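Here is a brief report on one protein model. It covers a sheet, a helix, the internal spaces and one residue.

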Amino acid sequence: QVVEALQPQRSLSHTPLFQVIFDMQNAPMGEIELSGMALRRVEQERIIAKFDLTLFVSETANGLVGVWEYSTDLFDASTIERMTAHFENLLLAVAESPQQTIGEIPLLSDAERHQLLFEWNDTAREYSKDKCIHQLFEEQVEQTPDAVAVVFEEQQLTYRQLNERANQLAHHLKTLGVEPEVLVGICIERSLEMVVGLLGILKAGGAYVPLDPSYPTERLALMIEDSQIPILITQEQLAENLPTTWIQVLLLEEELWPTLLSIHPQYNPMNEVTANHLAYVIYTSGSTGTPKGTMVLHQGLVNYLSWCTDTYAVADLAGAIVHSSLSFDATVTALFAPLIVGKVVCLLPERETIEHLASWLSKNQKPSLVKITPAHLDVLAQISPVQSLNTANTFVIGGEVLKGNSLSLWSNSPNSTRFINEYGPTETVVGCCIYEVSTTEPLAESLPIGRPIFNTQIYILDSHLQLVPIGV
């Protein structure tokens, strides 16, 4: 009757209504006496599991006896062994404290808790925790002053030129009152001036607030009003669309250097900024309500970038390509990671499509770091033969859930191509855990988000804030 009422979709792989059974065998078994005959129970060996998981429990003279029957297509023996131990923990907790609700009872043993709390979160690593991101850049300038730092179309700046321009802007911003914890808005299309502007704000001691020029005016107005930025760096063609009646506006154009900024020195400015001061404020998408400004400190940013350059071997690559919005914190990876190890940042012009990225990757045969979303990765594989793309690119994939079928399109890519699933809310500074995927192995539909990065701990909890077992 239930089946008739529900009309569930049938499948040959599982039963339609339920897949898990708890079977309590407690029917009274009286003694049976037959003349000339002895009766005993015969244990029947099962070689096929009719359901995904069944727990048979029988009452015996020695207590309760449990038998687990499971589909080996779904469960490993080690998984069932853990589940058995957790069920025993549950029973012990119920016996000791029957007033608890089931959801509040911890399932884990002390050894498992220690593994989840400490062993798998032993991520402590040394990094420059007392330095700011612009100071790491300045150290790199000393090492590679004549190397190309940033390229945009036919323009480029060396590390020395980029540093000197950013220093002049920083000195000017300091005369306008920029100091630690002062927010400076920046609304500039991708260009050399954008990179100069970011470094100039940081060198002055301030924190930047990226404002995407493509955003609707209403959203930009909300961000400007909420952040209360006293200064906005922008370009002339964008200024008229921004609500800036009470803000000091600085138009960062090429013409500024021979006029306004050339009077300022080119050496690194002194300021009171420390690693515990703000580096930037990025606004969330607002998918759960009003967009909120996420405040990120230099210390967290330096930790992420130190881990990033090490894990992604950025120093062994030619550099990185920036093709996403400055208001998308994933851009931080491609923009700053190369600049602290002496590599080049290549900026694609604003409003360039994924086709332009494919063209760039096909023409540029030097291995690069490419930060990309799963949706763009799908399109990239469809519009350009995988073999035509560089053989040693490192694709760092984030911003959305990564599915196995996205990477199945790349099954013919060379083994030297890396695919890394990077996960992290904006609040955790770009990414907090990663999982490197191998396209030569069978890909599950849902890919893991992996293990925590340096100096980061990750705990997976249930609705009662209890640690969940391995595999949950």
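In what order do the 9 strands of the open sheet run? The order is 5-4-13-12-14-15-16-17-18, with mixed pairing. The model is a predicted one.

**Sheet**

Strand 5 (155-158) and strand 18 stand at the edges of this sheet. Each has a single partner strand, so one side of each is left without a neighbour in the sheet. Strand 14 (residues 368-372) pairs with strand 15 (residues 394-397). That pairing is parallel and runs over 4 bridges. Within it, Lys-371 of strand 14 stands opposite Val-396 in strand 15.

**Helix 13**

Helix 13 spans residues 374-383. Its buried residues are Pro-374, Leu-377, Leu-380 and Ala-381. Seen down the helix axis, these buried residues fall within an arc of 115°, so they line one face of helix 13. What do they pack against? Their partners are strand 14, strand 15, helix 12 (354-363) and helix 14 (404-408). Strand 14 and strand 15 thus appear twice: they pair with each other, and the buried residues of helix 13 pack against both.

**Pocket and cavities**

A search of the whole structure finds 2 cavities of 30 Å³ or more. The table sets the largest cavity beside the largest pocket.

| Space | Volume | Nonpolar lining residues | Polar lining residues | Charged lining residues |
|---|---|---|---|---|
| Largest cavity | about 80 Å³ | 7 | 2 | 3 |
| Largest pocket | about 1,000 Å³ | 14 | 11 | 9 |

The lining of the largest pocket holds 34 residues. Glu-43, Arg-46, Phe-56, Val-67 and Glu-69 lie nearest the centre of this pocket. Strand 2 (53-60) and strand 3 (63-70) each supply at least two residues of the pocket lining.

Which residues line the largest cavity? Among them are Ile-186, Cys-187, Ile-188, Arg-190 and Met-194. Leu-211, Asp-212 and Pro-213 also belong to the cavity lining. So do Ser-325, Leu-326, Ser-327 and Glu-350.

**Thr-456**

Thr-456 is found in the segment after strand 18 (451-452), and strand 18 is an edge strand of the sheet. Is Thr-456 buried or exposed? The residue has 16% relative accessibility. Buried means under 20%, so Thr-456 counts as buried. Leaving aside neighbours within four places in sequence, Thr-456 is in contact with Asn-121, Thr-123, Asn-303 and Cys-432.

Methods:
Residues are numbered from 1 along each chain as its sequence is written. This is a predicted model: local features need pLDDT of at least 70, side-chain atom pairs count only at pLDDT 80 or more; totals for chains, interfaces and linings use all residues. Side-chain values use heavy atoms; hydrogens and water are left out. On a 1 Å grid over the protein atoms alone, a cavity is a set of points where a 1.4 Å probe fits but cannot get out, and a pocket is an open set with protein on both sides within 12 Å along at least five of seven lines; lining residues have an atom within 4 Å of a point. Grid points are joined across faces, edges and corners, and a volume is the space filled by probe spheres set on the points. Ala, Val, Leu, Ile, Met, Phe, Trp, Tyr, Cys and Pro count as nonpolar, Asp, Glu, Lys and Arg as charged, and the others, Gly among them, as polar. Buried means under 20% relative accessible area, exposed over 50%, partly exposed in between (1.4 Å probe, protein chains only). Contact means heavy atoms within 4.5 Å. Two strands pair if DSSP finds at least two bridges between them. The arc is that of the directions from the helix axis to the C-beta atoms.
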